[in-house]
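Okay, thanks everyone for squeezing me in. Have a look at the sequence and the structure on the screen, and I'll talk you through the bits I liked.

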Amino acid sequence: MTAHNVSTSADPAALTTGQRLRTLRKARKMSIRQLAEHSGVTHPFISMIERDRHSPSISSLKRILDCLGITLSDFFSEAQDSDDSPVGRPIFYHADDLVELADGTSLSYRQVGSHLEGAAMMILHERYAPGADTGPAPYCHDAEEGGVVVQGKLEMTVDGEVRILETGDAYYFDSRLPHRMRNPFDELCIVVSAVSPPTF
């Protein structure tokens with residue numbers, strides 16, 4: 001998937017998720033109704049996201065961004081003040097340098113580095129609070145991914161197969177298969193994962 005800039009005259013770092021989505025949609029010359037029709041997400045739901053009245057699940061936002069031709073990674077990297085490039089990308093990162101791709105509260109996907117266009121992989125530090133869910137609808141993307149549960153337990157569904165992974169358990173699968181992650185348990189779950197290429 002080819003990345004496209006979301007940048008506007010406004011400072012991207014100052015924009016909310018809803019404002020960035022609206023700016024991107026308008027740059028693609030799409031109405032909310034057109035985006036709803038192509039993504040399978042309802043018109044009122046997209047409108048609420050753009051007005052920052054609803055925080056979308058990972059699966060819903062991914063479906064919307066797929067129709068706009070941008071990955072979650074590139075969408076959220078635009079808000080970072082960074083000059084990362086395949087040549088000039090830093091080697092080491094402080095914890096607060098990681099790019100948040102989710103709501104950062106119930107569900108956190110913190111990406112190592114930003115602006116991954118041209119990169120071979122993405123690395124994520126994932127945190128699932130009790131009750132966290134990527135969304136009721138599974139999603140997919142053109143890649144392979146794997147990870148290790150480093151704390152807690154995670155329920156994973158891949159192509160209809162459901163497994164409970166405990167601390168130390170791992171997974172590796174073709175991301176084109178529909179998948180979903182959730183934490184129906186009472187303890188925090190932490191996962192370290194990689195996606196190659198970074199199409200998420």
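So, Arg 182 and Glu 155 form a salt bridge, with the closest N and O atoms 2.6 Å apart. Keep in mind that this is a predicted model. The pair links distant parts of the chain, with Arg 182 in strand 8 and Glu 155 in strand 5, 27 residues apart. How exposed is each partner? Arg 182 has 26% relative accessibility, so it counts as partly exposed. Glu 155, on the other hand, is buried, because its relative accessible area is 13%, and the cut-off for buried is under 20%.

Now the sheet those two strands belong to. It's an open sheet of three strands, in the order 6-5-8, and the pairing is antiparallel. Which strands stand at the edges? That would be strand 6, residues 161-166, and strand 8, residues 179-182; each has a single partner strand, so one side of each is left without a neighbour in the sheet. On average, neighbouring strands here are turned by 20 degrees against each other, ignoring direction. Strand 5, residues 153-158, pairs with strand 6 over six bridges, in the antiparallel sense. If you want a register point, find Lys 153, which stands opposite Glu 166 in strand 6.

Back to salt bridges for a second. How many are there in the whole structure? A search finds seven. Another one to look at is Arg 25 with Glu 50, where the closest N and O atoms are 2.6 Å apart. Arg 25 lies in helix 1 and Glu 50 in helix 3, so this pair ties together parts that are 25 residues apart in sequence. Buried or exposed? Both Arg 25 and Glu 50 are buried.

Then there's Asp 142 with Arg 176, at 3.9 Å between the closest N and O atoms. Asp 142 lies in the loop between strand 3 and strand 4, and Arg 176 in the loop between strand 7, that's 170-174, and strand 8, so the pair ties together parts that are 34 residues apart in sequence. Asp 142 is exposed, and Arg 176 is exposed too. Add Asp 174 and you have a network of salt bridges that links Asp 142, Asp 174 and Arg 176.

Okay, helices. In helix 2, residues 32-39, the buried residues are Ile 32, Leu 35, Ala 36 and Ser 39. Looking down the axis of helix 2, those buried residues fall within an arc of 100 degrees, so they line one face of the helix. Flip to the other side of helix 2 and you get Arg 33, Glu 37 and His 38, which are exposed. What covers the buried residues? The cover includes helix 1 (17-27), helix 3 (43-50) and helix 4 (58-67). Right after helix 2 comes Gly 40, with a positive phi, near 80 degrees.

Helix 3 next. Here Ile 46, Ser 47, Ile 49 and Glu 50 are buried. Down the axis of helix 3, the buried residues fall within an arc of 160 degrees, so they line one face of the helix. They pack against helix 1, helix 2 and helix 4. And helix 3 is followed by Asp 52, again with a positive phi, near 55 degrees.

What about the core? The largest nonpolar core has 43 residues, and the ones that touch the most other members are Leu 65, Leu 68, Tyr 109, Tyr 128 and Phe 200. Helix 4 gives the most to this core, with four residues. If you leave aside neighbours within four places in sequence, Tyr 109 has contacts including Ile 58, Val 99, His 125, Tyr 128, Thr 134 and Phe 200.

That Thr 134 sits in the loop between strand 3 and strand 4. Why call it buried? Because its relative accessibility is 0%. Among its contacts, again leaving out neighbours within four places, are Ser 57, Leu 107, Tyr 109, Arg 180 and Met 181.

Last stop, the strands on either side of that loop. Strand 3, residues 122-128, is joined to strand 9, residues 189-196, by seven bridges, antiparallel. Glu 126 has Val 191 as its bridge partner in strand 9. Strand 4, residues 144-151, also runs antiparallel to strand 9, again joined by seven bridges, and there the bridge partner of Glu 144 is Ser 196.

That's my tour. Shout if you want to go back to anything.

Conventions. Residues are numbered from 1 along each chain as its sequence is written. This is a predicted model: local features need pLDDT of at least 70, side-chain atom pairs count only at pLDDT 80 or more; totals for chains, interfaces and linings use all residues. Side-chain values use heavy atoms; hydrogens and water are left out. Two strands pair if DSSP finds at least two bridges between them. Axes are lines fitted to C-alpha atoms, for helices over the stretch in contact, and angles run from 0 to 180 degrees between N-to-C directions. Buried means under 20% relative accessible area, exposed over 50%, partly exposed in between (1.4 Å probe, protein chains only). The arc is that of the directions from the helix axis to the C-beta atoms. Contact means heavy atoms within 4.5 Å. A nonpolar core is a set of buried Ala, Val, Leu, Ile, Met, Phe, Trp, Tyr and Cys residues joined through side-chain atoms within 4.5 Å. A salt bridge is a side-chain nitrogen of Lys or Arg within 4 Å of a carboxyl oxygen of Asp or Glu.
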